[in-house]
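Student: I should like a close look at one part of this model, the antiparallel hairpin, followed by an account of the rest of the fold. Please state the cut-off behind each term as it arises.

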Amino acid sequence: MAAPSPQAITELKEALGPEGWSDDTDTLAPHLREWRDRWQGHTPLLLKPGSTVEVAAAVAVCARHRIAITPQGGNTGLVGGQIPMGEVLLTTRRLRAIRDVSPLDDALTVEAGVTLYEAQQAALAVDRRFPLGLASEGTATIGGVLSTNAGGTSVVRYGMARDLVLGVEAVLAD
């Protein structure tokens, strides 16, 4: 994968609109450092999509220009995989909708940027329990938890994150 060209950066900015990106140093800083200070990264552009349509547009531009993308949820990972090393960084923090809560089906439909705590609270609001619990549940996002197949404190009883998933809406380059 290549470093993003000025043309690619311009296309990404246009695809996501003024709220969908940042290259401001102060805005980028917290996204570029792993919370234990073990990894420090760099990126030319932070992508902040607010919908799967915007994610798809960004991924299409990156695929066309052969630009790597590092996705980042709550930046609570322990192995540094969420820290970009020159590629564009795509944060899921604006993908925060709880689309559906269905107590009859014991199901939630949430976007990738919803925190684990918010998902737990949505379940409690309809007298249900979302059993996955982590120390970082206030900042860890559903997208990050699923991408790492987190286990949590109740893993023996309820299983890993993938055991709690009915389906995933994914964005691919094509």
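Tutor: Within the hairpin, Asp-100 has Thr-109 of S6 as its bridge partner. The model is predicted, so local features are reported at pLDDT of at least 70 and side-chain atom pairs only at pLDDT 80 or more, whereas totals for chains, interfaces and linings use all residues. Residue numbers start from 1 along each chain as its sequence is written, and side-chain values use heavy atoms, with hydrogens and water left out.

Strand S5 (residues 98-102) and strand S6 (residues 107-110) run antiparallel and are joined by four bridges; two strands pair if DSSP finds at least two bridges between them. The elements themselves are DSSP runs, numbered from the N terminus: helices are H or I with at least four residues, strands E with at least two. Four residues separate S5 from S6 in the hairpin.

The turn of the hairpin contains Asp-106, which has a positive phi of about 50° although it is not a glycine. For comparison, most residues other than glycine have a negative phi. Asp-106 counts as exposed because its relative accessible area is 58% (buried is under 20%, exposed over 50% and partly exposed in between, with a 1.4 Å probe and protein chains only). A positive phi of about 50° is also found at Asn-149, again not a glycine. Asn-149 sits in the loop between helix H5 (142-148) and helix H6 (155-158), and with 15% relative accessibility it counts as buried.

Asp-106 also takes part in a salt bridge, its side chain meeting that of Arg-128 at 2.6 Å, N to O (the term requires a side-chain nitrogen of Lys or Arg within 4 Å of a carboxyl oxygen of Asp or Glu). Asp-106 belongs to the loop between S5 and S6 and Arg-128 to the loop between H4 and H5, so the pair ties together parts that are 22 residues apart in sequence. Arg-128 is partly exposed, at a relative accessible area of 32%. Arg-99, Glu-111 and Glu-169 are joined into one network by salt bridges that share partners.

The whole structure holds nine salt bridges. One of them pairs Glu-118 with Arg-96, with 2.3 Å between the closest N and O atoms. This pair links distant parts of the chain, since Glu-118 is in helix H4 (residues 116-124) and Arg-96 in the loop between S4 and S5, 22 residues apart. Both partners are partly exposed, Glu-118 at 25% relative accessibility and Arg-96 at 36%. Another salt bridge joins Arg-36 to Glu-34 at 2.7 Å, N to O. Here Arg-36 is partly exposed, at 28%, while Glu-34 is buried, at 0%.

Beyond the hairpin, four strands form an open sheet of mixed pairing, in the order S1-S2-S4-S3. Its edges are strand S1 (21-22) and strand S3 (69-72), each of which pairs on one side only. Inside the sheet, S2 and S4 run parallel and are joined by two bridges; Leu-47 has Leu-90 of S4 as its bridge partner.

Helix H1 (residues 6-16) has as its buried residues Ala-8, Ile-9, Glu-11, Leu-12 and Leu-16. Seen down the axis of H1, these residues fall within an arc of 160°, so they line one face of the helix; the arc is that of the directions from the helix axis to the C-beta atoms. The other side of H1 carries the exposed residues Pro-6, Gln-7 and Glu-14. The buried residues pack against strand S2 (46-47), H3 and strand S4 (88-91). After H1 comes Gly-17, with a positive phi near 75°.

From helix H3 (residues 52-65), Ala-58 shows this packing in detail. Ala-58 is buried, at 0% relative accessibility. Apart from neighbours within four places in sequence, its contacts are Leu-12, Leu-16 and Leu-47, a contact being heavy atoms within 4.5 Å. Ile-69 is eleven residues from Ala-58 in sequence, and their C-alpha atoms are 9.4 Å apart.
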